[in-house]
Amino acid sequence: MPDGAWSLFFAYIYKLCLRRILTMKIFTAQQIRDADAYTIRHTPISSLALMEKAAIACTAWICRHYNEDTPVYIFCGMGNNGGDGLAITRLLRNRGYNAVAYILHHSTKASDDHTANRNALQQQYHAAVNDIPDNGLLPQLDRNALIVDAILGTGLSRPVEGWIAGIIQQLNDLKPQHEIVAIDMPSGLQADASSINNPVIKADQTLSFEFYKLAFLLPENAAFVGEICILSIDLSPDYIAQTPSRFNITDAFQVRSIYRPRKPFSHKGTFGHALLIAGSEGKIGAAVLSAKACLRAGVGLLSCHIPRCGYQIMQISAPGAMCFIDEQQDHSSGFHNHVLTPEAAAKFKVIGIGPGLGTAAGTSWALEKLLDHYRQPMVIDADALNILASSPALLKKVPAGSLLTPHPKEFERLFGKTANDEERLKVLSQHAVERQLNILLKGRYTAMAFPDGSIWFNATGNPGMATGGSGDVLTGILTSLMAQGYSSQETMLLGVYLHGLAGDHAAAALSQEAMIAEDIVEFLGKTFLELHKLKPC
Ligand SMILES: NC(=O)C1=CN([C@@H]2O[C@H](COP(=O)(O)OP(=O)(O)OC[C@H]3O[C@@H](n4cnc5c(N)ncnc54)[C@H](O)[C@@H]3O)[C@@H](O)[C@H]2O)[C@@H](O)CC1
Ligand SMILES: Nc1ncnc2c1ncn2[C@@H]1O[C@H](COP(=O)(O)OP(=O)(O)O)[C@@H](O)[C@H]1O
Ligand SMILES: [K+]
């Protein structure tokens with residue numbers, strides 16, 4: 001290749017990598033407006049051309065998913081979201097679709113780009129433009145028609161009410177006979193604030209531009225957002241790079257840059273010795289799952305502290321793990337003895353505690369003693385969190401830098417009830433900052449809060465993982481990665497991603513229904529191989 005071609009090639013790859021890294025940011029609605037404006041000011045693209053780009057991307061998506069026989073009703077607002085809808089109508093018509101736009105006059109003034117697209121559509125396809133005046137009625141829809149929601153996007157300035165709220169309700173009532181594809185945002189959904197109890201379109205699919213919006217990742221909005229597809233419209237990488245974002249989403253390339261492949265001369269000492277404190281009578285399985293995951297995720301050495309009743313089970317199920325047997329038969333109450341002196345504690349690179357541990361008085365007592373002596377970051381899950389939740393004084397003793405892994409119920413026990421998901425995120429972040437802890441709130445998009453106030457979301461994983469023991473597997477993975485020398489934050493980002501991806505591989509091979517927690521452990525191998533093949537950006 002000539003020199004010029006090489007430099008063009010490298011510039012292209014650089015741009016691709018940069019774009020991948022940049023789209024991990026989750027911007028507020030205001031920041032998105034600023035990104036649009038910056039792009040228009042600093043790149044040779046007009047506002048109208050940017051809208052055309054957005055409309056082209058949406059049209060291509062619709063054409064890939066619905067054939068030309070599908071009647072398409074596009075409901076447009078008076079702003080630029082409506083402008084997108086009008087441009088999509090024209091582009092669908094160009095491709096032979098029977099697409100019709102209905103403009104809802106919720107405001108007396110249309111945006112400039114809306115007007116330009118209305119004129120363009122009217123000129124080419126006069127019959128495709130219909131106006132619905134304030135308080136007007138929806139048309140009767142053809143059978144199996146597709147509804148495109150381009151009423152309101154990121155310009156939503158307040159919860160929807162009155163006539164438009166009624167329109168949203170009526171469109172939602174047309175489901176499931178009619179599917180709804182939302183453009184950029186389901187209309188009525190606030191990008192950065194809770195929309196609980198507000199009228200919002202219940203989209204089957206949301207086609208959004210350039211970035212995930214915070215609202216998409218919150219469980220309370222699941223019924224509104226449906227499936228998400230992020231379409232790139234090439235907003236300015238400079239703006240994105242220089243604008244800080246509090247919320248971010250991990251991706252394969254970021255995680256690959258954290259992951260450190262093994263060096264040829266490394267030995268088991270290189271990968272740390274982890275102590276896993278888990279299990280009680282009837283819940284030894286949790287300890288086994290966690291131990292297996294810890295081993296599979298690459299720890300050098302693993303010791304498990306378990307009650308007497310779990311000894312044989314653990315040795316048979318996970319022969320790679322060593323065992324400390326507690327004096328008690330059905331629960332553990334002597335695990336603090338491993339860390340009574342700094343020399344003894346230094347034997348372990350990390351302690352993971354909680355899966356199936358139980359909350360017996362002796363266990364709570366031993367946890368308190370452990371926290372009195374141990375000052376290294378730990379991984380704390382399940383019953384260990386429940387014990388902390390019952391004693392605020394104990395929670396204060398958790399070493400800085402530790403990883404707490406509550407599911408929503410455990411979170412509530414620890415930090416109290418919240419009115420909505422947005423408030424829960426605030427509380428999550430506040431505790432991470434004030435206590436200098438890393439707290440991950442498990443769910444579809446696990447939210448990982450760091451002591452610096454930032455929150456990262458993870459997108460891997462699937463509902464097949466909603467099965468007993470999945471969380472125990474995660475604790476094993478996190479403990480393993482910490483033992484191998486990853487920092488607390490690297491451990492969270494990498495571990496949660498790997499856990500979800502292994503779950504995705506398990507679901508692809510076995511189905512979401514049939515997969516069980518052990519399968520997540522089994523598919524960790526494939527997951528590491530896949531990560532290994534990626535080149536770090
Ligand atoms: N150049 C750009 O700025 C681009 C913008 N795009 C689209 O533009 C959208 C944002 O456009 P706008 O900023 O014009 O905003 P919207 O089109 O989302 O909404 C603004 C309009 O809605 C009204 N409004 C706000 N809240 C309301 C409420 N609760 N009830 C009734 N009316 C309400 C406003 O008065 C205004 O008329 C994005 O979501 C995206 O779809 C895309 O075309 C990409 C490029
Ligand atoms: N619908 C889902 N999509 C993605 N991940 C999920 C989903 N449901 C559960 N998970 C993941 O599975 C794990 C369940 O953890 P947890 O509730 O602690 O399980 P257990 O207590 O049974 O071990 C979490 O990591 C969570 O993020
Ligand atoms: K919309």
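Helices are DSSP runs (H or I) of at least four residues, numbered from the N terminus. The model worked on here is predicted.

**Exercise 1. Find which element gives the most residues to the shell around ligand 2.**

Step 1. Collect the shell: 18 residues surround ligand 2. Among the closest are Gly-461, Met-465 and Ser-470.
Step 2. Look for elements that give two or more residues. These are α18 (470–483) and α19 (488–510).
Step 3. Rank them. α18 gives the most, with four residues.
Step 4. Sort the shell by class. It has eleven polar, four nonpolar and three charged residues.

**Exercise 2. Describe the shell around ligand 1.**

Step 1. Take the count: 29 residues surround ligand 1. The closest are Gly-79, Asn-80, Asn-81, Gly-153 and Gly-155.
Step 2. Assign elements. α3 (47–65) and α4 (80–94) are those that give two or more residues.
Step 3. Sort by class. The shell divides into 13 polar, twelve nonpolar and four charged residues.

**Exercise 3. Place strand β10 (residues 273–277) among its neighbours and explain why it is largely enclosed.**

Step 1. Pair β10 with β11 (residues 301–306). The two run parallel, joined by five bridges. His-273 has Leu-301 of β11 as its bridge partner.
Step 2. Pair β10 with β13 (residues 350–353). This pairing is also parallel, over four bridges. Here Leu-276 is partnered by Gly-352 of β13.
Step 3. Add the helix. β10, α10 (residues 284–296) and β11 form a right-handed β-α-β unit.
Step 4. Check burial. Four of the five residues of β10 are buried, so the rest of the structure largely encloses the strand.

Definitions and conventions:
Residues numbered from 1 in each chain as written. Chains lettered and ligands numbered in written order. Predicted model: local features only at pLDDT ≥ 70, side-chain atom pairs only at ≥ 80, totals over all residues. Near = placed C-beta within 6 Å. Nonpolar A, V, L, I, M, F, W, Y, C, P; charged D, E, K, R; others polar. Buried ≥ 20, exposed ≤ 12 C-beta atoms within 10 Å, placed from the backbone. Pairing = 2+ DSSP bridges. Right-handed = clockwise from strand over helix to strand, strands pointing away.
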